[in-house]
Amino acid sequence: MGCIWIGYAFITYFLCGHTEDISLQTHPVVNAAVHGQYWNTLFDGHPFSNHFRPGLLVFYPFIKLFPMVPYTLWPIVAKSISFMVAPLLLLKLGRKVLPDQRWVFAIPLLWLLSDVLMRPMTTPNYASSLLFAPIIGAFYFAYVGRLKWVYVLVFAMTLFKENMPLIGVCLAMFLIVEKQQWRQGLALGLFSIVLGLSALTIMNQFGFPVTEGHGVSGLSIFYRFDWKATMVLKLIIGAGLIPFIAPKTLLYQLPATAVYWLMHTDDKKFFFTNGHHH
């Protein structure tokens, strides 16, 4: 099933189905590798004016060493690897968490079968799909108490998107709710908030000029509440309905959707209905 999803992602890529945003986000890295300038000439601005993604420079050596390979192919390869590693991490986590080992394959199989979870494999905005494995890995390390690696992964994820520190807040809530580690949870939450504010501060230095198609008119929890609730319901279904069985798990899932709950916008793509997937 994993091979089918990855095959679908590559087929869609070669049919030019989702290359626009991949091109936009990877272009500054190409410009740095070819011309020595970290700049996005597609909108003539610094890439941080669109999103905070210095982590994409990880593709720099591949673009530099293999100039004949289409540069938009590297993110597809990377997120395919991340996708295939994810169920293995879920299996490892399940063996730690589940008292009945007969169920350890249930969540990895759900991962491979869920179109709600796997839709990002074929979407143009690819920050979160690159981070499948690090996100799950961070929860594994939080569960086994290896918090140093949790901090490392939260910091690394922040380098790929300015809203990724919200995952750090989710992990902080996980430590508090599931492990009753209040001090460690609060420290991680504060660390994540500082990371997020730092990323936004850096972006602000470049003026946020690129907002066409991305802007919101304000903040409102209840505006388009039906869209927001539908999005969360899809995520709950994608998580195997676990929040209905154990409602407290919502406490460390909902922070990841905080940006969406606060949006005042009529643009459906923000709510996972047409595949943009921020």
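In this predicted model, helix α4, which spans residues 73-97, packs against helix α5, residues 106-113, at an angle of about 160 degrees, and their axes lie 8 Å apart. Angles over 145 degrees count as roughly antiparallel, and α4 and α5 are therefore roughly antiparallel to each other. The crossing in which α4 passes α5 is right-handed. From α4, the residues Phe-83, Ala-86, Pro-87, Leu-90 and Leu-91 take part in the contact, and they meet Ile-107, Pro-108, Trp-111 and Leu-112 of α5. Sorted by class, the residues of this contact are nine nonpolar, no polar and no charged.

Further along the chain, a second pair of helices may be examined in the same manner. Helix α8 covers residues 132-144 and helix α9 covers residues 147-158; their axes come within 8 Å and cross at roughly 160 degrees. That angle makes α8 roughly antiparallel to α9. The crossing of α8 and α9 is left-handed. On the side of α8, the contact is formed by Pro-134, Ile-135, Gly-137, Ala-138, Phe-141 and Ala-142, while α9 contributes Leu-147, Trp-149, Val-150, Leu-153 and Met-157. By class, the contact of α8 with α9 holds ten nonpolar residues, one polar residue and no charged residues.

A third pair consists of helix α10, residues 165-177, and helix α11, residues 182-204, whose axes come within 8 Å and cross at roughly 170 degrees. For this reason α10 and α11 are roughly antiparallel to each other. In α10, the contact residues are Pro-165, Gly-168, Val-169, Leu-171, Ala-172, Leu-175 and Ile-176. Their partners in α11 are Trp-182, Gln-184, Gly-185, Leu-186, Leu-188, Gly-189, Ser-192, Ile-193, Leu-195 and Gly-196. The contact of α10 with α11 divides into eleven nonpolar, six polar and no charged residues. Glycine is counted as polar in this classification, and the contact includes Gly-168 of α10 as well as Gly-185, Gly-189 and Gly-196 of α11.

The helix pairs show where parts of the chain meet; the remaining topic is empty space. Rolling a probe the size of a water molecule over the atoms shows where such space is left. In this model, the count comes to one cavity of 30 Å³ or more. The largest cavity contains about 40 Å³ of space. Its lining is made up of Gln-25, Pro-28, Val-29, Tyr-38, Pro-47, His-51, Arg-53 and Leu-56. By class, the lining of the largest cavity has five nonpolar, two polar and one charged residues.

How values were computed
Residues are numbered from 1 along each chain as its sequence is written. This is a predicted model: local features need pLDDT of at least 70, side-chain atom pairs count only at pLDDT 80 or more; totals for chains, interfaces and linings use all residues. Side-chain values use heavy atoms; hydrogens and water are left out. Axes are lines fitted to C-alpha atoms, for helices over the stretch in contact, and angles run from 0 to 180 degrees between N-to-C directions. Helices (H or I, at least four residues) and strands (E, at least two) are DSSP runs, numbered from the N terminus. Angles under 35 degrees count as roughly parallel, over 145 as roughly antiparallel, 65 to 115 as roughly perpendicular and the rest as oblique. A crossing is left-handed if the near helix is turned anticlockwise from the far one by less than a right angle, and right-handed if clockwise. Contact means heavy atoms within 4.5 Å. On a 1 Å grid over the protein atoms alone, a cavity is a set of points where a 1.4 Å probe fits but cannot get out, and a pocket is an open set with protein on both sides within 12 Å along at least five of seven lines; lining residues have an atom within 4 Å of a point. Grid points are joined across faces, edges and corners, and a volume is the space filled by probe spheres set on the points.
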